[in-house]
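Hi everyone, thanks for coming. I'd like to walk you through one structure today, so let's put it up on the screen.

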Protein chains: 2
Amino acid sequence: MSAFPADPKPLTRIQTKNRAAILDAGLEVFSTFGFRGSTLDQIARAAGLSKPNLLYYFPSKEAIHAELLTGLLSTWLDPLTLMRADGDPVPELLGYVRRKLEMSRQFPRESRLFANEILQGAPRVKAALEGELKDLVDAKAEVIRGWAAAGKIADVHPHHLIFSIWSLTQHYADFDVQIRAVLGEEDPFEGAEAYLDALFTKMLTPA
Amino acid sequence: MSAFPADPKPLTRIQTKNRAAILDAGLEVFSTFGFRGSTLDQIARAAGLSKPNLLYYFPSKEAIHAELLTGLLSTWLDPLTLMRADGDPVPELLGYVRRKLEMSRQFPRESRLFANEILQGAPRVKAALEGELKDLVDAKAEVIRGWAAAGKIADVHPHHLIFSIWSLTQHYADFDVQIRAVLGEEDPFEGAEAYLDALFTKMLTPA
DNA sequence: CGTTTATTTTACCAACCGGTCAAAGCAAGG
DNA sequence: CCTTGCTTTGACCGGTTGGTAAAATAAACG
């Protein structure tokens, strides 16, 4: 007897390993080719499994993609959530920028998975965008508006400030190939951190 | 007898119309689903033709995509090309930002087509990125470096300045769905122009 | 008008797609 | 060692994919 209906059976050692391998392979493939452009064979090969074996662990292509996306969403909002209204405004915002850039550096595939989903019209996350995301952004925009009203930061459009942070940081993950083609050897993220730091410091420091 | 081997036959009225319809439909579909995620049936339907009829005008799916991409590349570089070394530095750069934002507003599908290609690793334009694009960017970066050295603009990393202009302007086309989900009614491009103008003015005006 | 050329359609193909199934192989506990 | 349940595989299915061949139709033109 358990408190909940349907005891969640513990995963076996093999299940844990193979599910992880599949999700990693799915991330690799989906983030490159998008949902429609990816095939189960591609994912199975990348995971080192046969296609039927892959479908033993996940019921469908959709299910793999869905698990990746839902797992991603909260992680993606973390850096913004961590921005505190009671902190020092400029450092709080710069910290947000740095955390977001760090995510692009460490999780470029996740960034591209998200970019692909949005480019395709966000069919599977539109609801979350208009719900959770909008709520969080609206709340944090209100905080920023307060800081501006109190003269602690320059007077900026809060929503567009947030968009610009998303844009600039994610660009280094999503357009990585292009940036490296132009820069050559140089590591993009080195220069990016200094550049974004200077940009937002200038932008936000009140006159 | 002609001066060239293989006279380029003039296109008939119907050819002109149908090729245009196919390219427009291809742009619509490819920009949404990427190359691998798009099907000839989708494109044919969007163009109001049957699939074999579509293949009467273009030899393959690849050919449609290739024509769209090559046609796009020069257009895409125009705004940067128009930035003149002998102009007034800050207005020249702000003009570049405005032209680029205007392209995002007027040609969002082209922007997404390009974004899709880059996300997929730029398999079909990598050479152009490392050639034409890099050459143009390097040249304009040198101009910007000169302006900074002469104290006419603030001291910024020229390449990252250009990346940030790409990023911020294209974001409004590529992530349109997300931005509208957060903003609600408000037209993104209205606020964007004022925001980007203020941002780059602050960033670039020398101390 | 008739004929020559451009266009469109119908029927079709082999390869690939997501997914199923039953049988085979395997690990672990008694 | 042998049973029981977990894991893997190979063969297969109906539908879709990019692309072709040839016949049917429409336009252009003398």
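Let me begin with a question for the room: are A:Phe30 and A:Phe35 buried or exposed? Both of them are buried. Please keep in mind as we go that this is a predicted model.

Let's stay with the rings for a moment. Over all chains, the count of aromatic pairs comes to ten. One of them is A:Phe30 with A:Phe35, a stacked pair with 5.7 Å centre to centre and 20 degrees between the planes. Another one is in chain B: the ring centres of B:Tyr172 and B:Phe189 are 6.1 Å apart and the planes stand at 50 degrees, so this pair is tilted. B:Tyr172 belongs to helix H8 and B:Phe189 to helix H10 of chain B, so the pair ties together parts that are 17 residues apart in sequence. B:Tyr172 is buried, at 3% relative accessibility, and B:Phe189 is buried too, at 6%.

Now look for arginines over rings. A:Arg124 lies over the face of A:Phe35, 4.0 Å from the ring centre. A:Arg36 reaches across to the other chain, with its charged end over the ring of B:Phe33, 5.4 Å from the centre.

That brings us to the interface. Chain B and chain A bury about 4900 Å² between them, with 68% of it on carbon and sulfur atoms. B:Leu119, B:Val182 and B:Tyr195 supply 15% of the area that chain B buries against chain A, more than any other three residues. And what about polar links? The rule finds zero salt bridges across this interface, but 17 residue pairs in polar contact. On the side of chain B that touches chain A, the largest share, twelve residues, comes from H8(B).

Terms used
Residues are numbered from 1 along each chain as its sequence is written. Chains are lettered from A and ligands numbered from 1 in the order in which they are written. This is a predicted model: local features need pLDDT of at least 70, side-chain atom pairs count only at pLDDT 80 or more; totals for chains, interfaces and linings use all residues. Side-chain values use heavy atoms; hydrogens and water are left out. Rings of Phe, Tyr and Trp (its six-membered ring) pair if their centres lie within 6.5 Å; planes under 30 degrees apart count as stacked, over 60 as edge-to-face and the rest as tilted. Buried means under 20% relative accessible area, exposed over 50%, partly exposed in between (1.4 Å probe, protein chains only). Helices (H or I, at least four residues) and strands (E, at least two) are DSSP runs, numbered from the N terminus. A charge sits over a ring if NZ of Lys or CZ of Arg is within 6 Å of the ring centre and within 35 degrees of the ring normal. Buried area is the accessible area (1.4 Å probe) that two parts lose on being put together, summed over both. A salt bridge is a side-chain nitrogen of Lys or Arg within 4 Å of a carboxyl oxygen of Asp or Glu. A polar contact is a pair of N or O atoms within 3.5 Å; within protein, one must be able to donate a hydrogen and the other to accept it, and residues adjacent in sequence count only if both atoms are side-chain atoms.
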